[in-house]
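Reader: I'm new to this one. Could you pick a single part and walk me through it closely?

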Amino acid sequence: MAKWLFKSEPDVFSWDDLVSRGKDGEEWDGVRNYQARNNMREMKEGELGFFYHSRSGLEIVGIVEICNEAHPDSTTEDERWECVDVRAVKPLPRAITMKEIKAEPRLKDMVLANNSRLSVQPVSEAEWDVILEISGA
DNA sequence: GCCAACGTTGGC
DNA sequence: GCCAACGTTGGC
């Protein structure tokens, strides 16, 4: 199963906000970038992703699950934009910072470290495992 | 708060 | 179809 990573500014929508939505999760709306949208179209229900706090957080804080595959974004009439629904699964035992990711040779090719602008991105199985490992999971 | 990097827009 | 101008993102 593919792995993913979702970025959000904690001041706008944080991990705690997602946790508060419970098992129904939240629509990952507002994405207006084709690459990010295409990634969401690839997602299958039940796949997992990391939740990353950008800008004022700069760390991976938790694991989310895709609970609804791509559907039209309810926040726009523009039918180009689609989104998935995600729900919080569990927090990482320890948040992994951008600094740690950049310092870890095995994560040097991670999209997060190389294309800071992409808000929804794929994570390789190897990268996924390294993050869990250094987090102590 | 700054500004580099990136994506998008629109005039030609 | 090119590319300059513009707006936004996000690390620092």
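**A close look at strand 3**

Author: Sure, but first the surroundings: the surface near DNA strand C is made up of two nonpolar, three polar and three charged residues. Here "near" means that a residue's C-beta atom, placed from the backbone, lies within 6 Å of the molecule or strand. As for the classes, Ala, Val, Leu, Ile, Met, Phe, Trp, Tyr, Cys and Pro count as nonpolar, Asp, Glu, Lys and Arg as charged, and the others, Gly among them, as polar. Among the residues around DNA strand C are Ser54, Arg55 and Leu58.

This is a predicted model, where local features need pLDDT of at least 70 and side-chain atom pairs count only at pLDDT 80 or more, while totals for chains, interfaces and linings use all residues. Residues are numbered from 1 along each chain as its sequence is written, and chains are lettered from A and ligands numbered from 1 in the order in which they are written.

Now strand 3 itself, residues 48-53: five of its six residues are buried, so the rest of the structure largely encloses it. (Buried means 20 or more other C-beta atoms within 10 Å of a residue's own, all placed from the backbone; strands are DSSP runs of E, at least two residues, numbered from the N terminus.)

Strand 3 pairs with strand 1 (residues 3-8) in the parallel sense, over six bridges; pairing takes at least two DSSP bridges. Leu5 sits opposite Phe50 there. Strand 4 (residues 59-72) runs antiparallel to strand 3, also with six bridges, and Phe51 faces Gly62. The hairpin of strands 3 and 4 has five residues between them, and Arg55 takes a positive phi near 60° in it.

Key
A residue is buried if 20 or more other C-beta atoms lie within 10 Å of its own, exposed if 12 or fewer, and partly exposed in between; C-beta atoms are placed from the backbone. Helices (H or I, at least four residues) and strands (E, at least two) are DSSP runs, numbered from the N terminus.
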